[in-house]
Amino acid sequence: MKHITFTLLFLGASALPVTAGAAENMSSGPNTAESYSSEDFTVKPEWEKLFADHNHFSTTSGEELYQTLCQACHLSDGQGAQGAGHYPSFVGDERLRTPFYAIDVILNGFRGMPGFSDKLSDQQIADVVNYLRTSFGNQLEADATAEDVARVRH
Amino acid sequence: MTTSPFLTRRDLLTMIGKTAGASAMYSAMMSMGFAKASTFTSELELSDAPDGDSVLILGAGLAGMTAAYEMRKAGYDVTILEYNQRPGGRCYTIHSGDTVTDLSGETQHCEFAPGNYINPGPWRIPYHHYGVLHYCKKFGVKLEPFIQLNYNAYVHSSKAFGGKPKRVREVLTDVHGYTSELLAKATNQQALDDVLTKEDTEALLAQLDDWGHLTDDYKYQKSLKASEYRGYDDWPAAGLMPKPSPSEPLDFKELLHSGLWGMLLDYFNTSYQHTMFEPAGGMEEIARGFAGEVGDLIEYGRKVVRIEQSDNEVTVHYIDPERPDDVMTRKADWCVCTIPLSVLSQIPVEVSPAMREAIAAVPYASSVKTGLEFKRRFWEQDESIFGGVSYTDLPIKAISYPMYDYFSDGPAVLLGAYTIDDATSFTMSSMTARERVALAVSYGKQIHPQYEEEFISGVSWSWHLSPWSLGCYGLWTEELREAHYDTLCEIDNRLVLAGEHCSYIPAWLEGAILSGMDASKRLHEKATATARA
Ligand SMILES: Cc1cc2nc3c(=O)[nH]c(=O)nc-3n(C[C@H](O)[C@H](O)[C@H](O)COP(=O)(O)OP(=O)(O)OC[C@H]3O[C@@H](n4cnc5c(N)ncnc54)[C@H](O)[C@@H]3O)c2cc1C
């Protein structure tokens with residue numbers, strides 16, 4: 001079986017901003033009045049945009065989509081998480097070598113992960129797949145297209 | 001004949017459209033299992049377990065603890081392996097003084113005043129969830145009424161009525177009034193003559209008149225009659241105080257397009273009809289009630305990592321998450337596994353390929369809840385809202401007021417945001433808890449302007465970041481059930497699955513309890529048959 005070494009494709013964990021590793025000391029609470037300014041209690045223009053439609057994601061850039069959807073589980077640094085079960089990391093993720101794996105998972109879901117075919121357009125999925133392929137140390141081509149997504153969508 | 005200024009054919013069609021939408025939505029909910037009554041009649045009377053037979057139960061949520069209770073009663077040697085350091089799983093409460101850490105590593109310290117709490121997961125129990133109610137009574141869990149429908153709470157659209165919240169009683173009365181008027185009009189125009197006899201017509205008009213609080217010529221308008229239901233401008237008083245004066249109904253067109261009508265639905269679904277209950281002191285009291293019975297069987301800090309079985313026994317491999325390299329094993333004759341499928345689908349389990357497929361088939365929903373503590377009960381003191389739920393089109397979706405300790409001074413906690421499984425829920429989940437608390441205050445103050453002044457602290461929980469469930473509940477569809485449900489629930493050799501995901505009442509405690517009972521019953525049948533053979 002041909003084994004693909006992935007070291008070429010990412011910079012190596014040590015070069016990444018360490019946030020997931022620092023999990024235990026990422027303490028935010030207590031979330032008390034004193035720890036907020038009154039500006040914090042103002043609806044932000046980007047929220048207005050993000051929450052404009054409860055049923056569809058309204059952002060268009062791959063990065064913004066990652067930060068307002070994927071990040072809910074795979075976390076801001078793409079490292080995934082570990083509890084009783086885990087969320088996979090995207091850092092040096094060999095499955096991203098082809099855009100079609102990620103396209104399929106985002107459209108149709110995988111195990112506990114829901115599919116997003118009704119909440120994301122073909123272009124949005126292509127954008128976020130391209131973001132995954134070019135972020136978290138991954139240096140692949142951002143060549144997924146809306147047409148690729150349309151071909152997988154059924 | 002006088003025509004109402006508001007009536008056009010288009011309005012009528014829009015209205016029918018909305019009504020059709022509502023019933024379509026209701027049947028969609030039915031198919032998700034949301035509106036089903038429980039089949040519980042009594043707890044199990046299993047007995048005569050085969051001599052010395054042991055059962056390993058994986059997960060100490062309500063499904064696991066129900067199975068433990070029933071199987072021990074039958075005479076089995078029962079052990080529960082649980083990942084967390086507490087019983088209950090999703091039946092969980094964040095209390096004042098608790099520290100919680102989610103999968104992102106973000107830690108929150110709950111600074112609520114002593115005795116205050118928020119239920120980040122389950123929070124209400126329908127009167128027809130007989131299993132939950134039975135075990136609560138049996139295990140001494142004190143229940144108090146949960147107020148779902150408070151006529152004085154709000155429905156709110158940020159895009160209608162200048163963004164001002166409207167009282168439920170106002171919207172409900174106006175909906176009855178305007179629909180009655182339209183129907184009366186259609187009736188009087190003989191539009192319904194092919195379905196109504198003369199007697200029918202008379203009976204219908206009489207009842208529309210009452211139901212809609214209409215005028216003599218069947219119009220819905222400002223009147224003392226309608227105000228008896230929607231509320232007055234000046235409420236009846238005494239002496240030389242102002243005389244009762246009627247309130248002005250909401251503008252029909254604005255109401256029609258506001259979305260407020262649809263928000264009323266959540267008050268009337270059988271899942272939410274009165275009487276509902278909640279445990280005094282928080283939902284976790286139910287878990288504690290069960291643990292009072294079976295707590296001695298639970299081993300905490302056990303993360304199951306592999307499940308094997310042969311014709312004679314089940315072998316479960318587990319670790320202490322603090323020492324992951326040290327894999328331990330436990331053997332038993334039988335196994336009830338209640339680990340949520342979101343987690344179980346990542347664990348090697350020795351079952352049929354079809355069951356493995358079923359385990360991997362069910363996606364898990366997103367949900368966020370945010371609890372906010374305020375210096376005083378301004379909703380009671382300023383707005384006369386005693387318990388209940390307000391709904392809004394804002395991203396926070398709902399505000400639910402505490403249903404206990406009414407009139408008390410000092411800090412109180414309300415539910416400031418509750419999202420489920422839409423794009424909004426995912427986006428909110430992708431924020432930090434700290435941001436989610438700020439968001440709940442920022443949006444919530446559009447409904448309660450007192451928020452900012454009175455806010456003390458908040459706690460927010462995203463279910464996709466819940467380390468032990470990786471999600472809120474199993475999102476079955478009819479197609480998925482057709483393909484996988486029966487297989488998922490079958491006994492595979494010596495193993496049976498249980499949990500809310502093995503029920504037609506998903507996302508309810510009742511589903512978990514019934515499933516724990518059903519799995520126990522069938523496993524006991526198999527165990528006794530095997531012993532006899
Ligand atoms: C936001 C929300 C709102 C809800 N609202 C309501 C409501 O109002 N009313 C109502 O009745 N129900 C409600 N529910 C549903 C209810 O909480 C669940 O149906 C019920 O608690 C599920 O019980 P369970 O035993 O099936 O699963 P759980 O309670 O999840 O139990 C599973 C157990 O397995 C453990 N576990 C997981 N992985 C492992 C492992 N690898 N090794 C060992 N142990 C493991 C977990 O720690 C957990 O204790 C709500 C749920 C949520 C999330």
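Is F290(B) buried or exposed, and what is its relative accessible area? In this predicted model, F290(B) is buried, because its relative accessible area is 2%, below the 20% under which a residue counts as buried. The residue belongs to helix α9 of chain B, which spans residues 284-294, and its ring is a good place from which to begin a walk through the aromatic contacts.

Over all chains, a search of the whole structure finds 44 aromatic pairs. One of the pairs brings together F139(B) and F290(B), whose ring centres are 4.9 Å apart and whose planes stand at 85°, so that the pair is classed as edge-to-face. This contact links distant parts of the chain, since F139(B) lies in the loop between α3 (130-138) and β8 (143-146) of chain B, 151 residues away from F290(B) in the sequence. F139(B) counts as buried as well, because its relative accessibility is 11%.

A second pair, formed by Y178(B) and F252(B), has its ring centres 4.8 Å apart, but the planes meet at 55°, so this pair is tilted. Here too the contact spans distant parts of the chain, with Y178(B) in helix α4 of chain B and F252(B) in helix α7 (residues 252-258), 74 residues apart. Both Y178(B) and F252(B) are buried.

Aromatic contacts also extend across chains. Ring pairs join Y36(A) and F41(A) with F374(B), F378(B), W379(B), Y401(B), Y451(B) and F455(B) into a cluster. Y36(A), a member of this cluster, also has a charged partner from chain B, for R434(B) lies over the face of its ring at 4.1 Å from the ring centre. Within chain B, a lysine takes up a comparable place: the charged end of K369(B) sits over the ring of Y418(B), 4.6 Å from the centre of that ring.

The domain assignment offers a broader view of chain B, dividing it into domain 1 (54-88 + 285-362 + 475-532), domain 2 (94-153 + 274-282 + 365-465) and domain 3 (168-256). The centres of domain 1 and domain 2 of chain B, taken over C-alpha atoms, are separated by 30 Å. Where these two domains of chain B meet, 16 residues of domain 1 are in contact with 20 residues of domain 2, and between them the domains bury about 1,500 Å², of which 72% is on carbon and sulfur atoms. E285(B), W508(B) and E510(B) supply 35% of the area that domain 1 of chain B buries against domain 2, more than any other three residues. Across this interface of domain 1 and domain 2 of chain B, 0 salt bridges are found.

The backbone of chain B has some features that deserve a separate look. A cis peptide bond, with omega about 5°, joins H274(B) to T275(B), and T275(B) is found in the loop between α8 (260-263) and β13 (276-279). Q190(B), although it is not a glycine, has a positive phi of about 60°; it is placed in the loop between α4 (168-188) and α5 (198-212), and it counts as exposed because its relative accessibility is 51%. N493(B), another residue other than glycine, likewise has a positive phi, near 60°, and is located in the loop between α16 (478-489) and β24 (495-497) of chain B. With a relative accessibility of 27%, N493(B) counts as partly exposed.

Notes: Residues numbered from 1 in each chain as written. Chains lettered and ligands numbered in written order. Predicted model: local features only at pLDDT ≥ 70, side-chain atom pairs only at ≥ 80, totals over all residues. Heavy atoms only, no water. Helix = DSSP H or I, 4+ residues; strand = E, 2+ residues; numbered from the N terminus. Buried < 20%, exposed > 50% of the residue type's maximum accessible area, 1.4 Å probe, protein only. Phe/Tyr/Trp six-rings, centres within 6.5 Å; stacked < 30°, edge-to-face > 60°. Lys NZ or Arg CZ within 6 Å of the ring centre and 35° of its normal. Domains from an automatic or database assignment. Contact = heavy atoms within 4.5 Å. Buried area = accessible area lost by both parts, 1.4 Å probe. Salt bridge = Lys/Arg side-chain N within 4 Å of Asp/Glu carboxyl O.
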